[in-house]
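Subject: Structure for you to look at

Dear colleague,

I am handing over the structure below, and I would be glad if you would keep it open while you read the notes that follow it.

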Amino acid sequence: MSERQIRILMIDDSELTLDFQAMLLERHGFDVRTCISVDDVAAEIEGWTPDAILCDVNMPDVEGPDICPRLHGHAALTDIPIILCSGLEAEELARTAGAWGADGHVSKSEGIEDLPHLLRELCDPQGSTLG
């Protein structure tokens with residue numbers, strides 16, 4: 001049985017950021033889909049369910065604290081972990097992720113190189129083959 005790629009849905013209003021992070025994750029064997037807005041999520045996940053969602057903190061189409069509840073409001077995403085990704089300072093980003101109900105966080109400026117490892121740990125902590 002072959003190992004299924006970990007599926008990541010990335011949401012960011014910066015196409016440059018999406019391109020860079022998608023390239024990084026694809027190079028590490030992830031199956032990545034991207035959305036430029038939270039409003040685009042429903043169309044992107046039709047017939048495809050991510051293992052995790054990586055979402056920017058500052059999105060123009062949704063107020064910050066509403067990001068996680070809005071994403072989890074999609075039936076297919078109810079139990080999918082959400083990782084906030086931002087250029088905020090690490091301490092502020094950690095507080096924001098906790099307050100908003102996110103499952104994790106990663107700084108765009110300090111630690112983006114650790115993103116593949118973080119996502120693997122979050123999506124497959126036992127190292128088992130995803131089914």
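Ser86 stands opposite Ser107 in S5, and that pair belongs to the parallel strands S4 and S5, which are joined by 4 bridges. Between these two strands the chain passes from S4 through H4 to S5 in a β-α-β crossover that is right-handed, meaning that, with the strands pointing away from the viewer, the path from the first strand over the helix to the second runs clockwise. Helices (H or I, at least four residues) and strands (E, at least two) are DSSP runs, numbered from the N terminus.

Before going further, please note that this is a predicted model, in which local features need pLDDT of at least 70 and side-chain atom pairs count only at pLDDT 80 or more, while totals for chains, interfaces and linings use all residues. Residues are numbered from 1 along each chain as its sequence is written, and side-chain values use heavy atoms, with hydrogens and water left out.

The sheet is open and has 5 strands in the order S2-S1-S3-S4-S5, with parallel pairing; two strands pair if DSSP finds at least two bridges between them. Its edge strands, each pairing on one side only, are S2 (31-35) and S5 (104-107), and the twist averages 20° from one strand to the next. Towards S2, 5 bridges join S1 to S2, which run parallel, and there Arg7 stands opposite Asp31 in S2.

Two helices can be placed against this sheet by contact (heavy atoms within 4.5 Å). Helix H4 (residues 90-100) lies across S4 (82-86) and S5, running at about 155° to S5, whereas helix H5 (residues 115-123) lies across S1, S3, S4 and S5, at about 135° to S3. Axes are lines fitted to C-alpha atoms, for helices over the stretch in contact, and angles run from 0 to 180 degrees between N-to-C directions.

As for enclosed space, the count comes to 1 cavity of 30 Å³ or more, a cavity being a set of points on a 1 Å grid over the protein atoms alone where a 1.4 Å probe fits but cannot get out. Its lining, made of residues with an atom within 4 Å of a point, consists of Met10, Ile11, Asp12, Leu18, Gln21, Leu54, Cys55, Asp56 and Cys85. Strand S1 (7-11), helix H1 (15-27) and strand S3 (52-56) are the elements that give two or more residues to this lining, and S3 gives the most, with 3 residues.

With best wishes

Definitions and conventions:
1 Å grid on protein atoms, 1.4 Å probe; cavity = no way out; pocket = protein on both sides within 12 Å on 5 of 7 lines; lining within 4 Å. Points joined across faces, edges and corners; volume = space filled by probe spheres on them.
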